[in-house]
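Q: Could you walk me through how to read a model like this one, feature by feature?
A: Sure, let's look at it together.

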Amino acid sequence: MTLPYKIPQSVLVVIYTPQHEVLLIRRVEPDPLAPPFWQSVTGAKDFPEESWAVTAAREVWEETGLDCRSGGPFEYGLVDWELENIYPIYPRWLYRYAPGVTHNTERVFGLGVPHKPEIQLSPTEHTASCWLPMADAADLCFSPSNAEAILMLMHRDRLPLGRSEA
């Protein structure tokens with residue numbers, strides 16, 4: 001069952017390699033004059049009781065084809081950074097939320113992968129993907145909170161990595 005409005009709770013998942021490369025994906029943009037909208041994996045909860053971790057794993061699967069769900073090859077690479085950003089929803093997207101909802105809470109995760117795996121984009125959501133050095137990826141992101149999360153990786157002593165049978 002689809003809810004009539006988006007839940008104002010979403011995840012941001014920064015996917016990265018041991019070589020400090022970050023995956024960015026370009027959103028579908030219906031306005032041909034709009035600049036490209038590059039980002040990490042993002043998405044809202046499907047229902048209020050859905051856990052942050054389940055939301056993060058589901059969104060990664062839906063948007064990239066990488067499986068970090070329970071039992072998936074990248075399960076152990078998904079790490080909740082226990083960081084939340086609260087920000088105003090951009091006016092162009094307010095119609096997606098219930099009347100009176102003006103802010104979103106975003107929970108930040110990292111997904112360390114041992115190599116650059118093949119990405120399978122959802123064609124209804126994204127048009128391209130690329131792996132970039134962290135600083136370049138942060139510069140290209142549309143969202144300030146996304147850029148900040150990527151830059152946080154540059155200051156972590158150890159980056160957790162997922163296991164892969166692939």
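A: One term before we start: contact means heavy atoms within 4.5 Å. Keep in mind too that this is a predicted model.

Q: Good. Then which residues does Arg-26 touch, leaving out those up to four places away in sequence?
A: Arg-26 touches Pro-36, Phe-37, Trp-38, Glu-125, His-126, Thr-127 and Ala-128, once residues up to four places away in sequence are set aside. Arg-26 itself lies in strand E2. With 27% relative accessibility, Arg-26 counts as partly exposed. For a longer-range view, take Ala-147: it is 121 residues from Arg-26 along the chain, and their C-alpha atoms are separated by 14 Å.

Q: Before I go further, how much of this should I trust?
A: The general idea is that where pLDDT is low, the predicted coordinates should not be read in detail. Here the chain has a mean pLDDT of 90, with 92% of its residues at 70 or more. Among the elements, H1 has the highest mean pLDDT, at 98, and H3 the lowest, at 93. The stretch to watch is residues 158–166, where the pLDDT is below 50. That stretch still has 29 contacts in the model beyond near neighbours in sequence.

Q: Let's take H3, then. Which of its residues are buried?
A: For burial, the cut-off is under 20% relative accessible area. In H3 the buried residues are Ser-145, Asn-146, Ala-147, Ala-149, Ile-150 and Leu-153. As for partners, the buried residues of H3 pack against strands E1, E2, E3 (38–39), E5 and E6, as well as helix H2 (134–140).

Q: Can you zoom in on a polar one? Why does Asn-146 count as buried?
A: Asn-146 counts as buried because its relative accessibility is 1%. Its place is in helix H3. A polar atom of the Asn-146 side chain lies 2.7 Å from the backbone nitrogen of Ser-40. Leaving aside neighbours within four places in sequence, Asn-146 is in contact with Leu-12, Val-14, Gln-39, Ser-40 and Cys-141.

Q: And what does Ala-149 contact, its neighbours within four places in sequence aside?
A: Ala-149 is in contact with Leu-12, Val-14, Trp-81 and Val-108, with those neighbours left out. Ala-149 is also in helix H3, and at 2% relative accessibility it counts as buried. Now try Gly-65: it sits 84 residues from Ala-149 in sequence and 22 Å away in space, C-alpha to C-alpha.

Q: Got it. Is Ser-122 buried or exposed?
A: Ser-122 counts as buried, at 13% relative accessibility. You'll find it in the loop between E6 and strand E7 (126–133). Apart from neighbours within four places in sequence, Ser-122 is in contact with Glu-62 and Glu-63. Trp-61 is 61 residues away from Ser-122 in sequence, with 9.5 Å between the two C-alpha atoms.

Q: Now the backbone. What should I look for in phi?
A: Most residues other than glycine have a negative phi, and most peptide bonds are trans. So a positive value in a non-glycine residue is worth a look. His-20 has a positive phi of about 65°, and it lies in the loop between E1 and strand E2 (21–27). At 41% relative accessibility, His-20 counts as partly exposed. Glu-82 also has a positive phi, of about 55°, but its place is in strand E5. Glu-82 is exposed, with a relative accessible area of 65%.

Q: Last topic: pockets. How do I find empty space?
A: Rolling a probe the size of a water molecule over the atoms shows where empty space is left. In this model, the largest pocket holds about 860 Å³ of space. It is lined by 37 residues, and the closest to its centre are Lys-6, Thr-42, Gly-43, Ala-44 and Tyr-97. Elements giving two or more residues to that lining include strand E4 (41–44), helix H1 (52–64) and helix H3 (144–153). By class, the lining of the largest pocket divides into 16 nonpolar, 10 polar and 11 charged residues.

Q: How much space lies in the second largest pocket?
A: About 160 Å³ lies in the second largest pocket. Its lining has 5 nonpolar, 1 polar and 5 charged residues. Among the residues that line it are Arg-27, Phe-37, Trp-93, Thr-124 and Glu-125. You've already met Phe-37 and Glu-125, since Arg-26 touches them both.

Key: Residues are numbered from 1 along each chain as its sequence is written. This is a predicted model: local features need pLDDT of at least 70, side-chain atom pairs count only at pLDDT 80 or more; totals for chains, interfaces and linings use all residues. Side-chain values use heavy atoms; hydrogens and water are left out. On a 1 Å grid over the protein atoms alone, a cavity is a set of points where a 1.4 Å probe fits but cannot get out, and a pocket is an open set with protein on both sides within 12 Å along at least five of seven lines; lining residues have an atom within 4 Å of a point. Grid points are joined across faces, edges and corners, and a volume is the space filled by probe spheres set on the points. Helices (H or I, at least four residues) and strands (E, at least two) are DSSP runs, numbered from the N terminus. Ala, Val, Leu, Ile, Met, Phe, Trp, Tyr, Cys and Pro count as nonpolar, Asp, Glu, Lys and Arg as charged, and the others, Gly among them, as polar. Buried means under 20% relative accessible area, exposed over 50%, partly exposed in between (1.4 Å probe, protein chains only). A polar contact is a pair of N or O atoms within 3.5 Å; within protein, one must be able to donate a hydrogen and the other to accept it, and residues adjacent in sequence count only if both atoms are side-chain atoms. pLDDT is the predictor's confidence in each residue, from 0 to 100.
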